[in-house]
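Please open the model in your viewer and keep the selection tool at hand. The tour below proceeds stop by stop, stating what to select and what is found there.

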Amino acid sequence: MSIFKNKQKATLPVISTASLPDIVFMLLFFFMVATVMRKDTLIVKNELPYADQIEKLDKKNMVIHIYAGKPSSRYKNVGTEARVQLNDKFADIREIKPFVLEEMKSKPKELRPYLTTALKVDKNTKMGLVGDIKNELRSVRMLKINYTTRSGDAIKNLE
Amino acid sequence: MARRLAPEVNAGSMADIAFLLLIFFLVSTTIETDYGISKRLPPPPEDLQTNILIKEKNLFRVELNQLNQLFVEKKPLALKELKTAAIAFLDNGGGVEKEYCNYCKGARDPKSSDNPDKAVISLVNSRETNYETYIAVQNELISAYEELRDRDALRIYGMSFKLMKAYLKDGSYSGNKELLKDQIKQIRLMYPEKLSEAEPVTAAL
């Protein structure tokens, strides 16, 4: 009996898991550094078009986001017409002006000229809405804009 | 006196804690894709001078209708050919004497643009045009400017315009940044991006 017991003990070497936390921590730090918390929850469809003449939006805190597109599937009750999203809510075109002015006010005066508005517009939106947004931005002199796109050949847009 | 050993802390649950955090960050991560076409909007209509006259030959009309069809100078054109057409127009250099363009390599057709500084591209779209198509057209027009800038940057400074811009942003660039900034400005002056989206006022010539 005792011989049998001894044999069983020998076949079960303990695997050391002491380095497991190290590995997990390494992954953890990678994701912590790479993570950018999404400021707004998207409530509109937001499939961006392709373009290749693009520039990086450097300073994250100097960007005002305006989303536009058809309401996403969870918000079918709003209708199917393309809408503007400011912060976490659907907004009217007329609400863009106060929104942009408010965002500008929250930044120090000397940095205001560097503010950029990122237009994140779904690719199936009509230009009428985009033109209206642009006119609103013009009237509050928020002239630096960026059409946020995915990187890729523009010809892909037409397929 | 016997030395007292420090009691060992059980680190077995550390992995669990780390996993929990890891999963949280994994789920909340969106590797950001904030790239886009940067543009400058014209100032509000009340600030605009209304009596700018542009000669018809210096105007390149690009239109997008409600069916997403592209018309250049009133003729239908495929998107693929837009860039070549725009380059041909900008680089034409048909001007003489004061308006002569010594770096243009185009056809020098007197019926097309005088020089890149005078050449204006007008983009008109319908309210029903798709945003996607609009971006594609914008992209092609910008790439026409960029190609011409690349060509002359390569000729004058020996490096492409893209590279110059990349160096300007690069913190570890060893060369003279002020000089580089001036050079970029110089190239931009040679081919200024004159892309009008408002309804252009044209002279009846």
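Two strands are said to pair if DSSP finds at least two bridges between them. Helices (H or I, at least four residues) and strands (E, at least two) are DSSP runs, numbered from the N terminus. This is a predicted model, in which local features need pLDDT of at least 70 and side-chain atom pairs count only at pLDDT 80 or more, while totals for chains, interfaces and linings use all residues. Residues are numbered from 1 along each chain as its sequence is written, and chains are lettered from A and ligands numbered from 1 in the order in which they are written.

**Stop 1: a hairpin in chain A**

Select strand β4 (residues 83–86) of chain A and β5(A), residues 89–91. These strands form a hairpin with two residues between them, and A:N87 in the turn has a positive phi of about 50 degrees. Their pairing is antiparallel, over three bridges, with A:Q85 opposite A:F90. Add β3(A), residues 63–69, which also pairs with β4(A) in the antiparallel sense over three bridges; here A:Y67 stands opposite A:Q85.

Now display the side chains of β4(A). A:R83 and A:Q85 point one way and A:V84 and A:L86 the other, yet all are buried (20 or more other C-beta atoms within 10 Å of the residue's own; exposed means 12 or fewer, partly exposed in between, with C-beta atoms placed from the backbone).

**Stop 2: the open sheet of chain B**

Move to the five strands of chain B that form an open sheet in the order β4-β3-β2-β5-β6, with mixed pairing. β4 (75–76) and β6 (195–196) of chain B each have a single partner strand, so one side of each is left without a neighbour in the sheet.

Select β2(B), residues 59–64: B:F60, B:V62 and B:L64 point to one face and are buried, whereas B:L59, B:R61 and B:E63 point to the other and are not. In a regular strand the side chains alternate between the two faces of the sheet. On one pairing, β2(B) runs parallel to β5(B), residues 120–125, through six bridges, and B:V62 has B:L123 as its bridge partner. On another, three bridges join β2(B) to the antiparallel β3(B), residues 70–72; B:L64 is partnered by B:L70, and B:E63 stands opposite B:F71. Five residues separate the strands of this hairpin, where B:N68 takes a positive phi near 60 degrees.

**Stop 3: where the chains meet**

Which residues of the largest nonpolar core touch the most other members? Of its 50 residues, they are A:I66, A:A68, A:I133, B:A86 and B:V137. Such a core is a set of buried Ala, Val, Leu, Ile, Met, Phe, Trp, Tyr and Cys residues joined through C-beta atoms within 7 Å. Centre on A:I133: beyond its neighbours within four places in sequence, it is in contact with A:I66, A:A68, A:V84, A:I96 and A:L119, contact meaning that C-beta atoms, placed from the backbone, lie within 7 Å.

Next, select the contact between the chains, which takes 45 residues from chain B and 50 residues from chain A. On the chain B side, α3(B) gives the most, with eleven residues.

Finish at β7(A), residues 144–151, which six bridges join to β1(B) in antiparallel fashion. There A:T148 has B:G36 as its bridge partner.

Key:
Contact = placed C-beta atoms within 7 Å.
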